[in-house]
Number of protein chains: 2
Amino acid sequence: MSDYATAEPSSSVGDYLKAIWEVAGGGAASTKDVAERLSISSASVTGMFGRLQEMGLVRYERYRGASLTQHGLAEALRLVRRHRLIETFLMEHLGYSWQDVHAEAERLEHAVSDEFTERLAELLEHPGRDPHGDLIPTADGTLVPESSSPLSEAEAGQRVRIVKVNDESVSVLNYLGERGLIPGHILAVREVRALDGVVIVEDEGGEKHPLGESLARAIFVQPVSDPA
Amino acid sequence: MSDYATAEPSSSVGDYLKAIWEVAGGGAASTKDVAERLSISSASVTGMFGRLQEMGLVRYERYRGASLTQHGLAEALRLVRRHRLIETFLMEHLGYSWQDVHAEAERLEHAVSDEFTERLAELLEHPGRDPHGDLIPTADGTLVPESSSPLSEAEAGQRVRIVKVNDESVSVLNYLGERGLIPGHILAVREVRALDGVVIVEDEGGEKHPLGESLARAIFVQPVSDPA
DNA sequence: CACTATTTTTAGGTACACCTAATCCTATAA
DNA sequence: TTATAGGATTAGGTGTACCTAAAAATAGTG
């Protein structure tokens with residue numbers, strides 16, 4: 001028996017696994033997509049895909065991309081769990097703002113041990129979601145599938161709850177945070193304009209927000225039943 | 001103007017600076033001592049001493065060892081501050097034991113930002129010492145000199161307070177922790193045997209502890225006035 | 001002072017993770 | 001079906017940080 005599970009892969013390896021998971025979901029990730037996400041060259045990604053396969057973390061076929069094996073998926077989810085728990089801690093206990101937690105957590109997730117992670121989970125009382133609304137994988141490496149869809153795909157007249165917000169862009173988080181468009185809040189969808197993709201929503205205070213296509217794609221929502 | 005202060009040196013660089021600071025105090029550290037502390041070869045240390053000098057972090061003369069410049073000292077103390085604050089956090093908020101905090105902090109100190117560090121200090125209410133009794137350098141990079149001396153240099157009949165304990169050996173911490181020989185506690189020195197360096201102390205509960213030379217050197221004490 | 005033991009340095013090499021430039025596939029569109 | 005654009009791979013190279021083995025310098029001892 002080999003020891004993928006016990007030996008801690010380098011932090012680069014972890015970054016690749018997370019990137020593959022994020023861009024490919026269950027399927028295969030292309031070198032280009034992974035390269036873009038990690039801001040490195042495709043050539044480097046090709047090289048690493050080979051090494052990841054040696055390690056049994058991905059299935060890789062030349063010109064066909066790489067997909068996570070069970071080991072690879074487990075490792076990716078372990079890092080995602082760390083990341084999201086750390087983000088939660090940073091906001092709840094250290095007073096970090098919405099926008100700043102991602103970068104700090106990105107560095108920390110490679111330095112903390114599993115013991116640290118589980119003690120943190122304990123301290124935070126085992127949260128199910130992080131501050132951006134993302135689900136936190138459990139310690140045994142499971143993650144229930146998300147049932148939300150982007151606001152850009154909503155229909156006029158619907159009432160929806162914000163479930164999560166893409167945390168990749170600091171300026172997006174900034175904008176949404178200032179306007180109270182954060183997970184948990186309820187919105188009425190007033191208009192979804194096919195022409196330019198603009199979505200107009202009304203918050204509980206009656207305030208209307210016109211959101212461009214990219215913003216509407218960064219906000220994930222679930223339909224809710226009628227107002228009380 | 002160059003940018004030593006702003007650019008974050010690699011974690012190796014930081015480890016070297018801390019090692020130099022620990023083995024040399026104000027003076028010059030030999031390649032051998034640093035190599036031993038970091039568990040690497042002397043040849044590697046020679047190479048790094050050169051690079052550290054290029055970076056303006058140490059003064060280095062071949063065959064004479066390396067000593068920290070102002071920049072190097074500031075950087076070392078910044079890491080020491082991080083390390084000791086993290087140790088304090090791990091014990092006080094995550095329930096880590098005395099023995100386990102060092103290893104975890106050693107990895108974390110390279111991943112956290114200055115912002116994280118200062119927010120942590122805030123959360124901990126700006127402690128002056130870490131759980132082992134070591135002084136925590138201030139954010140502006142000053143560290144008041146320690147006024148304690150090893151128990152091995154105490155004299156029979158003295159009453160002393162444990163100020164700090166060397167945190168390098170897990171088994172030492174284990175042993176001392178089990179017996180309550182931790183910073184803050186008061187001891188009566190009963191005997192200091194020149195022959196074998198054994199020191200016999202009596203704690204406040206009247207329990208006697210014979211401590212071998214190495215243990216006595218790991219415990220730092222200050223004299224206290226007579227019993228109340 | 002000379003010899004020896006210890007310490008330090010040099011020489012040459014490895015692994016990792018990246019890069020650019022050039023070549024090679026693959027899928028699409030004419 | 002064949003040309004071509006875009007993506008993927010190979011080839012060759014860089015910097016960091018380590019290693020071992022051999023050579024050189026220093027420090028201690030008779």
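**Exercises: a chain contact, a DNA surface and two loop residues**

The contact (C-beta atoms, placed from the backbone, within 7 Å) takes 14 residues from chain B and 14 residues from chain A. This is a predicted model, where local features need pLDDT of at least 70, side-chain atom pairs count only at pLDDT 80 or more, and totals for chains, interfaces and linings use all residues. Residues are numbered from 1 along each chain as its sequence is written, while chains are lettered from A and ligands numbered from 1 in the order written.

**Exercise 1.** Work out which helices of chain B supply at least two residues each to the side that touches chain A.

*Solution.* Start with the elements: H4 (70-94), H5 (101-108) and H6 (114-123) of chain B do so; helices are DSSP runs of H or I, at least four residues, and strands are E runs of at least two, numbered from the N terminus. Next, pick the top contributor: H6(B), with four residues.

**Exercise 2.** Find which residues come nearest to DNA strand D.

*Solution.* Go through the 21 residues around the strand (C-beta, placed from the backbone, within 6 Å): Ser30(A), Lys32(A), Ala43(A), Ser10(B) and Ala43(B) come nearest. Then check the elements: H3(B) gives the most to this surface, with five residues.

**Exercise 3.** Decide whether Glu125(B) is buried or exposed.

*Solution.* First, place Glu125(B) in the loop between H6 and strand S3 (149-150) of chain B. Now count: Glu125(B) is exposed because it has 7 C-beta neighbours inside 10 Å (buried means 20 or more other C-beta atoms within 10 Å, exposed 12 or fewer, partly exposed in between, with C-beta placed from the backbone). Finally, look at the backbone: Glu125(B) isn't a glycine, yet has a positive phi of about 60 degrees.

Methods
Contact = placed C-beta atoms within 7 Å.
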